[in-house]
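Me: Please take a close look at one loop in this model. Then set that loop in the context of the rest of the chain.

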Amino acid sequence: MTCLKCKHHEAKRCGFYGRQRIQRYRCPGCKATFAEPRQKPLGRHYISTGKAVQIITLLLEGMSVRAVSRVTGAHQGTILSLLLTVGKKCRNLFDARVRNIRPRFVQADELWTFVHTKEAHLRSDVPKEWGDQYIWMAIDSETKMVLSYLVAKREGSSAYEFIRDLSERVTGRFQITTDGLRSYVPAIEESFGADIDFAQLLKIYGTSDGEGPEWYNPSKVTATIPISISGHPKLERISTSHVERANLSVRTHLRRFTRLSLGFSKTLEHLTAAIHLYMTFFNFCRVHQTLRVTPAMQAGIADHIWSIEELICVI
């Protein structure tokens, strides 16, 4: 190897250094000691790429942080730190790739979760990010690709931010269906104006049928009322079934969304990182059973099924 400092001599091997036994070289001319330049896709993390892939794969398959630590031998702090790093990389990838999409039918919904403490048990002196949090998600009904998502409270300002982000990622006229949340109406009007076919699906809930405890048994939907808000939405396409099925996939793949468990998110930062990771994984790595390809391939923004290693090592 040519000396990286003087560029005039052929460096010779000079032992190893570090826990990963990285080859060291020494120049016979200028006496400089150095290692071969190499990329660090995981930044400051010393963990090997293979171990990182194993950890991320297990997190995406519904295992808790403690369970992943027991299986892989990695420290819980290492797993959480790696999650933050990979989550940031996935968000950058999502922002760069999911652009100029031309959907025909879009569905939007919110998925409930909580951070640290449930809303009913909050005290007045706790951080604002504790309590209820929602995953706002918009999905293309045909390609099943997640077009936009947001981790925030279920407030009017969150609806504006979510719809604004969606408008920056799509192009052309399309039909969008949401639930009956009123905040969607002014938010969509501000971001899309009259260039959209907008409908809401209002659900009427009844009481539980008496099977199981009342605090656990969910109320049943007794009726659905499609409401046309603007444009000319097709009645037969007014539905939120696809995005609600995507919500179920989130709860299946991420342990922190499992009800009645100890795997819930302790900080908003780690919850957001887990969502960044899953949404990018859902679009680029996970083969949809009805499509036989990934949503990104179906939408034309990817030409192959991404591996987890590609996902976490993308620069």
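Me: The part I mean is the loop between α3 and β4 that holds Asn100. Is Asn100 buried or exposed? What is its phi?

Reply: Asn100 belongs to the loop that runs between α3 and β4, the latter spanning 105-115. This is a predicted model, and the values below are computed from it. Phi of Asn100 is near 55°. That is a positive value, and the residue is not glycine. Asn100 counts as exposed because its relative accessibility is 63%, and exposed means over 50%.

A second loop residue can be set beside Asn100. Leu260 is found between α6 (241-253) and α7 (268-284). Phi of Leu260 is near 55° as well, again a positive value in a residue other than glycine. Leu260 has 62% relative accessibility, so Leu260 counts as exposed.

Now step back from the loop into α3. This helix covers residues 76-97 and carries Phe94. Tyr149 lies in strand β6, residues 146-152. The ring centres of Phe94 and Tyr149 are 5.0 Å apart, with the planes at 80°, so the pair is edge-to-face. The two residues are 55 apart in sequence, so the pair ties together parts that are distant by that count. Both Phe94 and Tyr149 are buried. Tyr149 has a charged partner too: Arg91 lies over the face of its ring, 4.7 Å from the ring centre.

Strand β6 offers another view of Phe94. Val146 is placed in β6. Its relative accessibility is 1%, so Val146 counts as buried. Beyond its neighbours within four places in sequence, Val146 is in contact with Phe94 and Val98. Its list of contacts also includes Met137, Ala138 and Ile139, along with Met279, Phe282 and Asn283. Val146 and Ala108 are 38 residues apart in sequence, and their C-alpha atoms are 9.8 Å apart in space.

Next comes the other side of the loop, strand β4. Phe105 has a charge over its ring: the charged end of Arg237 sits 3.9 Å from the ring centre. Further on, ring pairs link Trp112, Phe114 and Phe264 into a cluster. A search of the whole structure finds nine aromatic pairs.

Gln133 is in contact with two residues of that cluster, Trp112 and Phe114. Gln133 sits in strand β5, residues 131-140. Its relative accessible area is 3%, so Gln133 is buried. Leaving aside neighbours within four places in sequence, its contacts also include Leu111, Thr113 and Val115. Val151, Ala152 and Lys153 are on the list too, as are Leu268 and Leu271.

Finally, the whole chain. It has nine helices and nine strands. Of its 315 residues, 46% count as buried. Take the contacts between residues at least 6 apart in sequence: 56% of them join residues at least 24 apart. The C-alpha atoms fill a box of roughly 80 × 45 × 40 Å along the principal axes. The accessible surface comes to about 17000 Å², and 51% of it belongs to carbon and sulfur atoms. The chain carries 44 positive and 30 negative side chains. The centres of those two sets lie 13 Å apart.

Back to your loop, then. Asn100 is exposed, whereas Phe94 in α3 is buried.

Note on methods: Residues numbered from 1 in each chain as written. Predicted model: local features only at pLDDT ≥ 70, side-chain atom pairs only at ≥ 80, totals over all residues. Heavy atoms only, no water. Phe/Tyr/Trp six-rings, centres within 6.5 Å; stacked < 30°, edge-to-face > 60°. Helix = DSSP H or I, 4+ residues; strand = E, 2+ residues; numbered from the N terminus. Buried < 20%, exposed > 50% of the residue type's maximum accessible area, 1.4 Å probe, protein only. Lys NZ or Arg CZ within 6 Å of the ring centre and 35° of its normal. Contact = heavy atoms within 4.5 Å. Areas by Shrake-Rupley, 256 points an atom, 1.4 Å probe, with all protein chains shown as cover. Lys, Arg positive; Asp, Glu negative; His and termini not counted. Charge placed at Lys NZ, Arg CZ, Asp CG, Glu CD.
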